[in-house]
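User: Could you take a close look at the disulfides here and at the parts of the chain around them? I'd like one connected account, with the cut-offs spelled out as you go.

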Amino acid sequence: KKPTSASHNSEGRISVVIMYRTPKARHLISLWHQNSLKRTDPGFYNWMNTTRNDFGALDALGMVDLILGHPAAGNWNVVLVDLSGVKEDGWDLSSFIACKVMHVECDSETKGLVGLSAEEGPILANAKKYKKPPDVGEEVLERIEVVLMEYDCNYQHLFFDDKYKERLQILYPSNLLQLMEDCKKRTTPYPPSRKAMKEEIVKIVLASDKIKVIK
């Protein structure tokens with residue numbers, strides 16, 4: 001059975017919009033930056049080995065699963081948006097939400113609200129340039145990315161189970177659907193919980209220090 005990009009029933013329901021952000025290792029680095037606001041705060045390596053953060057901010061599919069399975073949220077729909085597709089298609093995120101989720105009248109060519117000039121459009125604020133941590137190499141970040149993507153295999157049911165179709169809508173689903181197809185073909189285990197996922201990542205970071213010492 002192939003996964004589908006379901007469309008939800010919007011009548012009389014609240015819609016919760018959840019962003020799926022990749023590369024996930026960059027999202028993790030962003031989380032580190034948010035938790036390390038001073039120059040005296042630990043570098044990425046030390047932060048990874050001491051933080052109590054459970055990386056819930058990285059678990060977009062876990063949030064989808066929580067909402068769809070929570071009895072108090074039975075009247076809520078979820079709109080899952082793959083940010084990579086939004087960016088590839090040239091959308092500003094705020095315009096995309098207005099046009100494609102809230103169904104405000106928009107111009108298909110400019111990908112903006114009808115009647116707004118470029119000067120009146122969205123303003124980019126509080127956006128920081130990506131800065132790779134100096135104390136962890138690119139190879140380590142690539143291995144972390146693999147673990148983070150493998151963890152998402154825990155949520156295959158969201159894509160294959162028909163019971164979610166009426167309440168879950170996935171926008172720009174191609175990359176996510178391909179990931180779930182790859183998960184389905186896996187013969188090796190993946191981290192069964194967020195705690196296990198974090199433990200694997202910490203092991204990778206710890207091992208990176210040994211690699212640097214050997215070199």
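Analyst: **The disulfides and their surroundings**

There are two disulfides in this protein, taking a disulfide as a pair of cysteine sulfur atoms within 2.5 Å. Happily, the cut-offs are easy to state: this is a predicted model, in which local features need pLDDT of at least 70 and side-chain atom pairs count only at pLDDT 80 or more, while totals for chains, interfaces and linings use all residues. Residues are numbered from 1 along each chain as its sequence is written, and side-chain values use heavy atoms, with hydrogens and water left out.

Counting bonded cysteines along the chain, the pairing pattern is 1-2, 3-4. One of the pairs is Cys99 with Cys106, whose sulfur atoms lie 1.9 Å apart. The torsion about their S-S bond is about -90°, so this disulfide is left-handed. Burial is judged by relative accessible area: under 20% is buried, over 50% is exposed, and anything in between is partly exposed (1.4 Å probe, protein chains only). Cys99 has a relative accessibility of 8%, so Cys99 counts as buried, whereas Cys106, at 24%, counts as partly exposed.

The other pair is Cys153 with Cys183, with 2.0 Å between the sulfur atoms. Here the S-S torsion is about -75°, so this disulfide is left-handed. The bond links distant parts of the chain: Cys153 sits in the loop between α6 (138–151) and α7 (157–160), and Cys183 in helix α8 (residues 174–185), 30 residues apart. (Helices are DSSP runs of H or I with at least four residues, strands are runs of E with at least two, and both are numbered from the N terminus.) Cys153 is buried at 3% relative accessibility, and Cys183 is buried at 4%.

Let's step back along the chain from Cys153 to helix α6. With 14 residues at 1.5 Å a residue, α6 should span 20 Å, and its end C-alpha atoms are indeed 20 Å apart; the expected span is 1.5 Å times one less than the number of residues. The buried residues of α6 include Val140, Leu141, Ile144 and Glu150.

Glu150 is a good place to pause. Its relative accessible area is 19%, so Glu150 counts as buried. Beyond residues up to four places away in sequence, Glu150 touches Arg186, Tyr190 and Pro191, where a contact means heavy atoms within 4.5 Å. Arg186 also forms a salt bridge with Glu150, the closest N and O atoms being 3.3 Å apart; a salt bridge needs a side-chain nitrogen of Lys or Arg within 4 Å of a carboxyl oxygen of Asp or Glu. Arg186 lies in the loop between α8 and α9 and Glu150 in helix α6, so this pair ties together parts that are 36 residues apart in sequence. Arg186 itself is partly exposed, with a relative accessible area of 25%.

The structure holds five salt bridges. Another of them joins the side chains of Lys24 and Asp152, at 3.3 Å from N to O. Lys24 lies in helix α1 (residues 24–35) and Asp152 in the loop between α6 and α7, so the pair ties together parts 128 residues apart in sequence. Both Lys24 and Asp152 are buried.

Now for the nonpolar packing. A nonpolar core is a set of buried Ala, Val, Leu, Ile, Met, Phe, Trp, Tyr and Cys residues joined through side-chain atoms within 4.5 Å. The largest nonpolar core has 46 residues, and those with the most contacts inside it are Phe44, Leu80, Ile144 and Phe159. Helix α6 gives the most to this core, with six residues. Leaving aside neighbours within four places in sequence, Ile144 is in contact with Ala25, Leu28, Phe44, Ile201, Ile204 and Val205. Apart from this core lies another, of nine residues, among them Val79, Phe96, Cys99 and Val101, which brings us back to a disulfide cysteine, as Cys99 is bonded to Cys106. Val79 also has a distant partner along the chain: Leu168 and Val79 are 89 residues apart in sequence but 6.0 Å apart in space, C-alpha to C-alpha. Leu168 belongs to strand β5 (residues 168–171) and is buried at 1% relative accessibility.

For the wider setting, the protein has nine helices and five strands, and buried residues make up 40% of its 215 residues.
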